[in-house]
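Biologist: I am new to this structure and would be grateful for a close look at a single part of it. Please take the salt bridges and set out their partners with care.

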Amino acid sequence: MSSAVSSSRGSFLTAGTGSLDSVRSFGQFEASEMDPSEENEPELLSLSWNQDYQCFAAGTSHGLRIYDCDPFKETFRRNLKSGFSIVEMLFRSNVMALVGGGSNPQYPPNKVMIWDDHQNRCLVEYAYRSNIRAVKLRQDRIVVVLEHKINVYDFSDLKLIHQIETISNPRGLCCLSHYANTSVLAFPGLHRGQVQVKHFGLKVTKFISAHDSQLACLTLTLDGFLLATASVKGTLIRIFNTMDGTLLQEVRRGADKADIYNLALSPTVRWLAVSSDKGTVHIFSLRVRIVGEDSSNQNVIGHGPQLVQQNSSSSLDTLISPKMGANTSSSLSFMKGVLPKYFSSEWSFAQFHLPEATRYTVAFGAQNTVIIIGLDGSFYKCSFDPVNGGEMVQQEYIRFIKNDNHRPIPPTS
């Protein structure tokens with residue numbers, strides 16, 4: 001896949017892109033490699049999963065690194081004298097998106113390079129009038145997120161195919177489906193708490209009023225048919241059907257306000273993980289019925305398990321399964337029609353407690369395990385009991401970067 005992606009670019013590197021300030025291609029990497037004798041432990045600037053959550057990229061003040069999760073090992077390192085605030089992988093290929101960052105950025109924060117490390121060259125550079133908030137990749141799309149706009153490019157010719165206005169989006173909220181047979185993009189709409197979902201293949205656009213407050217986090221299932229959202233209040237997480245906007249389930253992280261760092265849905269859509277500034281990773285049991293559920297199916301390039309679809313919200317029973325879930329709820333839940341939502345919300349099924357001094361992101365591993373990585377350079381692998389829940393068991397802990405100078409990241413508004 002990766003070689004085909006690289007070899008198909010040559011004749012398109014100077015293609016116009018409409019609204020961009022500049023587009024140009026590069027030859028060799030324009031950075032000075034660090035001499036091993038002067039290499040020091042870098043500051044960790046960013047962490048991001050690849051599309052199948054089996055490895056992650058670390059952007060540092062002196063280059064970038066890539067790690068496998070199972071078993072844990074460093075698989076790639078490029079030591080430079082400058083840093084990256086965004087490193088977005090394209091599955092396990094040699095292609096990645098890079099945005100400069102840190103006190104000595106490799107490139108300005110308003111430019112993104114689509115980089116082929118095998119060829120040691122930049123396939124294309126996109127430059128904008130404002131800083132880049134996020135970049136998302138799949139085999140056929142490049143998505144660049146700005147604070148008030150999202151640009152979508154065709155990976156086959158690098159041309160702009162969609163330009164979408166959004167409400168102010170300083171967090172760079174945006175997510176893509178990754179199955180080959182679906183093409184779904186979710187991002188903030190034009191109003192507070194609203195999510196816009198585009199099913200490109202079906203030519204369907206849905207606006208979902210997810211929260212009254214501003215969005216803090218969102219994620220899609222790998223096929224794009226389920227959406228999980230949280231607001232800046234950080235108390236409730238909601239699960240929606242992206243085809244018709246139906247609210248399928250609501251779970252409660254806690255009663256007090258929190259900054260949600262990350263939401264993760266398991267490949268089988270049975271579990272939801274939530275990390276926040278409270279230092280606790282919560283696991284919730286989902287009650288969404290899917291077809292062909294198989295816990296061993298981790299192939300995001302294939303079709304994978306599919307959510308049962310519907311055309312209206314009148315048949316919720318086809319999407320909700322009472323057998324799939326055992327979250328704790330209030331003993332007063334039978335009165336949920338007259339009591340506040342607090343009493344009927346579903347609480348977490350399993351938990352793991354962490355130091356509160358850093359930002360963590362989470363993903364699901366194999367066989368009821370959760371992988372947690374932190375901006376202090378920490379890696380945790382934990383397991384949970386899928387029947388009884390409760391406190392998760394730590395199986396592995398590694399300090400992959402001793403980021404002693406790390407400071408907690410304040411919430412973005």
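Modeller: The following account concerns the salt bridges and the burial of their partners. This is a predicted model, in which local features need pLDDT of at least 70, side-chain atom pairs count only at pLDDT 80 or more, and totals for chains, interfaces and linings use all residues. Residues are numbered from 1 along each chain as its sequence is written, and side-chain values use heavy atoms, with hydrogens and water left out.

A search of the whole structure finds 11 salt bridges, each defined as a side-chain nitrogen of Lys or Arg within 4 Å of a carboxyl oxygen of Asp or Glu. One of them joins Glu 147 to Arg 133, at 2.8 Å from N to O. Glu 147 lies in the loop between strand 11 (141–145) and strand 12 (149–154), while Arg 133 lies in the loop between strand 9 (121–127) and strand 10 (134–138), 14 residues apart. Strands here are DSSP runs of E, at least two residues long, numbered from the N terminus. Glu 147 is partly exposed at 21% relative accessible area, and Arg 133 is partly exposed at 33%; buried means under 20%, exposed over 50%, and partly exposed in between (1.4 Å probe, protein chains only).

Arg 238 and Glu 250 also form a salt bridge, at 2.8 Å from N to O. Arg 238 belongs to strand 20 (residues 236–241) and Glu 250 to strand 21 (residues 247–252), so the pair ties together parts 12 residues apart in sequence. Both Arg 238 and Glu 250 are buried.

In a further salt bridge, the closest N and O atoms of Arg 253 and Asp 256 are 3.3 Å apart. Salt bridges that share partners join Arg 253, Asp 256 and Lys 278 into one network.

Methods:
Helices (H or I, at least four residues) and strands (E, at least two) are DSSP runs, numbered from the N terminus.
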